[in-house]
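Hi everyone, and thanks for making the time. I'd like to walk you through a structure that is new to most of us, so please have a look at it while I talk.

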Amino acid sequence: MGDLFDFWFEYRAVIPRRPFRTIAKLAALVEQGVEVQFFGGNHDRWGGSFWDKDLGIPFHSEDAELELAGRRSWVVHGDGLTETKLGGRLIHRITRHPITVGTFRLLPPNLGFWLADRLSGNLAEGNRTEEAIARAAAAQEAFACAVLDRRPELGLVIMAHTHRQRLVEHRPGRFYLNAGQWMVDRQYALVTEGEIRLMKWDK
């Protein structure tokens, strides 16, 4: 659901070295027959053919519609959709723009990754207050519920950007889901034909 990596950018012949072990585990899952889908977030949106061609994992830089346990689902990381401040909206537009991506690709990889390390804080939530994050989570939930109202064929909307675990049955049998924060809180979600459950990994 995005933000699995602090930064991801792939050149034609180079990928980041730091997340190698995670990538190897994902590749092992695919080899065992487990279907994996990856959605880029505001930290790791700049994926390319490596994911699909080399790993066999579809990479979604924006949103996608999937059939999940019998539910027609709209899935998106969620950054840039409910930002209230001009600065936030501007950052998301700039980082998505083809000129930005093309210019970054011209940098030597070592320089590009060094620069990304210096700028990653601007994409993070760590400098926001709990109140601001709560407002962002509420805005994201309202956005998801509006999507469910507008699109009655959907049974599930999944978003992630705020990292606040949430499950809301907005209409009978139709849900908004945020699986939460895995890296710190070990939160995740389980979607089956019979139910949707918020989960936390046993430490």
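Let's begin with one pair of residues: Leu190 stands opposite Arg197 in strand S9. The strand that pairs with S9 here is S8, residues 187-191, while S9 itself covers residues 196-200. The two run antiparallel and are joined by five bridges. To get from S8 to S9, the chain makes a hairpin through four residues. Before I go further, please keep in mind that this is a predicted model.

Just ahead of that hairpin in my notes is a charge and a ring. Arg186 lies over the face of Trp182, at 5.0 Å from the ring centre.

Now for another hairpin, the one made by S6 and S7. How many residues sit between S6 and S7? There are two, and Gly173 in the turn has a positive phi of about 75 degrees. S6 and S7 pair in the antiparallel sense, with five bridges between them. One example to find on your screens is Glu169, whose bridge partner in S7 is Phe175.

S7 has a partner in S5 as well. Those two strands run parallel, and three bridges join them. Here you can look for Ile158, which stands opposite Leu177 of S7.

So is S7 mostly covered or not? It is mostly covered, with five of its five residues buried. As a reminder, the side chains of a regular strand alternate between the two faces of the sheet. In S7, one side carries Arg174, Tyr176 and Asn178, the other carries Phe175 and Leu177, and all of these are buried.

What packs against these strands? Let me bring in helix H6, which runs over residues 130-150. With 21 residues at 1.5 Å a residue, H6 should span 30 Å, and its end C-alpha atoms are indeed 30 Å apart, so the two values agree. The buried residues of H6 include Ala132, Ile133, Ala136, Ala137 and Gln140, and further along the helix Glu141, Ala144, Cys145, Val147 and Leu148 are buried too. You can look for a rhythm in that list, because an α-helix has 3.6 residues a turn and residues three or four places apart point the same way. The buried residues of H6 pack against S4 (71-75), S5 (156-158), S6 (166-171) and S7 (174-178).

Let's move to the largest nonpolar core. Twelve residues make it up, and they include Phe5, Trp8, Ile23, Leu26, Ala27 and Val36. Phe38, Phe50, Trp51, Leu55, Ile57 and Phe59 belong to this core as well. Which elements give two or more residues to it? They are helix H1 (20-31) and helix H2 (49-55). There is also a second, separate core of ten residues, with Val76, Leu148, Met159 and Val168 among them.

Back in the largest core, there are plenty of rings to look at. The structure holds 19 aromatic pairs. One of them is Phe5 with Trp51: the ring centres are 6.1 Å apart and the planes are at 40 degrees, so this pair is tilted. Phe5 lies in the segment before H1 and Trp51 lies in H2, so the pair ties together parts that are 46 residues apart in sequence. Both partners are buried, Phe5 with a relative accessible area of 6% and Trp51 at 0%. Ring pairs also link Phe5, Trp8, Phe38, Phe50, Trp51 and Phe59 into a cluster.

Phe59 leads us on to a charged residue. Apart from its close neighbours in sequence, Phe59 is in contact with residues including Phe38, Arg45 and Trp51. Arg45 sits in the loop between S1 (38-39) and H2. Is Arg45 buried or exposed? It is buried, with a relative accessible area of 6%. Beyond four places in sequence, the contacts of Arg45 are Gly40, Phe59, Ser61, Glu62, Asp79 and Arg96.

Finally, two backbone details. Ala69, in the loop between S3 (64-68) and S4, has a positive phi near 50 degrees without being a glycine. Ala69 is partly exposed, with a relative accessible area of 28%. His163, in the loop between S5 and S6, is not a glycine either, and its phi is positive at about 60 degrees. Unlike Ala69, which is partly exposed, His163 counts as buried at 16% relative accessibility.

That's my tour, and I'm happy to take questions.

Technical notes
Residues are numbered from 1 along each chain as its sequence is written. This is a predicted model: local features need pLDDT of at least 70, side-chain atom pairs count only at pLDDT 80 or more; totals for chains, interfaces and linings use all residues. Side-chain values use heavy atoms; hydrogens and water are left out. The expected span of a helix is 1.5 Å times one less than its number of residues. Buried means under 20% relative accessible area, exposed over 50%, partly exposed in between (1.4 Å probe, protein chains only). Contact means heavy atoms within 4.5 Å. A nonpolar core is a set of buried Ala, Val, Leu, Ile, Met, Phe, Trp, Tyr and Cys residues joined through side-chain atoms within 4.5 Å. Two strands pair if DSSP finds at least two bridges between them. Rings of Phe, Tyr and Trp (its six-membered ring) pair if their centres lie within 6.5 Å; planes under 30 degrees apart count as stacked, over 60 as edge-to-face and the rest as tilted. A charge sits over a ring if NZ of Lys or CZ of Arg is within 6 Å of the ring centre and within 35 degrees of the ring normal.
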